[in-house]
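I opened a fresh page for this one. My plan is to begin with a single residue and work outward to the whole chain.

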Amino acid sequence: MYEIKHCNELKHSVYKELDWLQKNYPVLYYMLVSRNEILQHSINVVKLAVLIACELELSLRERELLSRGGLVHDIGKTYWPQIYDTKYPLDEFDYKFVKFHPEAGYSILKSIKFPEEYSLIALLHHERINGQGYPFSLTNISTSVKITSIADSYDAMTSKRAYKKKVHSPEKAVEELLDDEGYDQELVKVLEQLVKSRKAVM
Ligand SMILES: [Fe+2]
Ligand SMILES: [Fe+2]
């Protein structure tokens with residue numbers, strides 16, 4: 001059982017990490033800022049992941065990993081021009097692209113020598129602990145990847161996108177995550193507490 005403690009401030013701000021990205025990996029930074037929907041989603045994912053990490057009192061190093069990995073987790077989607085304009089339902093090509101974006105992102109990151117530990121978040125953020133994820137159907141997943149996957153799914157469920165029908169309330173999104181064995185339930189309970197205390201509504 002993870003112990004929940006109050007976190008007063010998010011010392012590791014996502015905007016500081018965006019500056020870090022711009023300074024050290026300008027190509028990635030400009031790829032992100034040229035796609036506002038992906039940038040906004042990535043910022044939300046980082047904010048929520050860091051909030052969960054704070055509640056768990058994870059180290060600064062761990063929060064840095066969540067921030068830098070989270071910022072680039074969907075970089076593989078930047079080559080899909082119509083992603084957020086596509087109307088529901090997605091067609092076969094769209095689904096293939098969706099399934100491929102973790103590997104696409106990882107190879108982009110590898111090609112510019114982005115640190116491996118951060119790049120693994122991009123490669124593995126759609127894996128699920130019950131082996132139902134992709135691309136590798138892994139069951140043994142690191143805490144940082146598990147936190148990112150929860151933050152990612154929560155933001156996807158609670159945000160409006162052209163290609164999907166429903167937008168969930170924060171409470172409904174938590175309910176869905178609590179109902180899904182692909183997510184670490186102890187971590188989802190941390191998110192549940194954040195939502196109940198209205199810290200994670202976004
Ligand atoms: Fe993704
Ligand atoms: Fe995502």
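**Entry 1: Trp 20.** I looked up Trp 20 and found it in helix 1, which covers residues 14-24. This is a predicted model, so I keep its confidence scores at hand. Is Trp 20 buried, exposed or partly exposed? I count 15 other C-beta atoms within 10 Å of Trp 20; being buried takes 20 or more and being exposed 12 or fewer, so Trp 20 is partly exposed. I also checked its distance to Arg 68: the two C-alpha atoms are separated by 8.8 Å, although the residues are 48 apart along the chain.

**Entry 2: the whole chain.** Next I stepped back to the overall fold. I count 9 helices and 0 strands, and reading along the sequence gives me α-α-α-α-α-α-α-α-α. Of the 202 residues, 40% count as buried. I then took the contacts between residues at least 6 apart in sequence, and 68% of these join residues at least 24 apart.

**Entry 3: confidence.** I noted an average pLDDT of 89 for the chain, with 86% of the residues scoring at least 70. Where pLDDT is low, the predicted coordinates should not be read in detail. Which helix has the lowest confidence, and which the highest? Helix 5 is lowest, at a mean of 91, and helix 6 is highest, at 98.

**Entry 4: the core.** The largest nonpolar core has 43 residues, and I wanted its best-connected members. Ala 49, Ile 52, Ile 150 and Leu 191 touch the most other members. Two or more residues each come from helix 2 (26-33), helix 3, helix 4 (60-71), helix 5 (92-111), helix 6 (116-124), helix 7, helix 8 and helix 9. Helix 3 gives the most, with 10 residues. I followed Ile 52 further: setting aside neighbours within four places in sequence, I find Ile 52 in contact with Ile 147, Ala 151, Leu 187, Val 190 and Leu 191.

**Entry 5: helices 3 and 7.** For helix 3, I see 14 of its 20 residues buried, so helix 3 is largely enclosed by the rest of the structure. I checked its length too: at 1.5 Å a residue helix 3 should span 28 Å, and its end C-alpha atoms are 29 Å apart, which agrees. Just after helix 3, Glu 57 takes a positive phi of about 55°. Helix 7 has 13 of its 16 residues buried, so I noted helix 7 as largely enclosed by the rest of the structure as well. Its expected span is 22 Å at 1.5 Å a residue, and its end C-alpha atoms are 23 Å apart, which agrees.

**Entry 6: helix 9.** I finished with helix 9, residues 185-196. At 1.5 Å a residue its 12 residues should span 16 Å, and I find the end C-alpha atoms 16 Å apart, in agreement. Which residues of helix 9 are buried? They are Leu 187, Val 188, Val 190, Leu 191 and Leu 194. Looking down the axis of helix 9, I see these buried residues fall within an arc of 150°, so they line one face of the helix. What covers them includes helix 3 (36-55), helix 7 (143-158) and helix 8 (170-178). On the face turned away from the buried side, I find the exposed residues Glu 186 and Lys 196. Just after helix 9, Arg 198 takes a positive phi of about 65°.

Key. Residues numbered from 1 in each chain as written. Chains lettered and ligands numbered in written order. Predicted model: local features only at pLDDT ≥ 70, side-chain atom pairs only at ≥ 80, totals over all residues. Helix = DSSP H or I, 4+ residues; strand = E, 2+ residues; numbered from the N terminus. Expected span 1.5 Å × (residues − 1). Arc of directions from axis to C-beta. Contact = placed C-beta atoms within 7 Å. Core = buried A, V, L, I, M, F, W, Y, C linked by C-beta atoms within 7 Å. pLDDT = per-residue confidence, 0-100.
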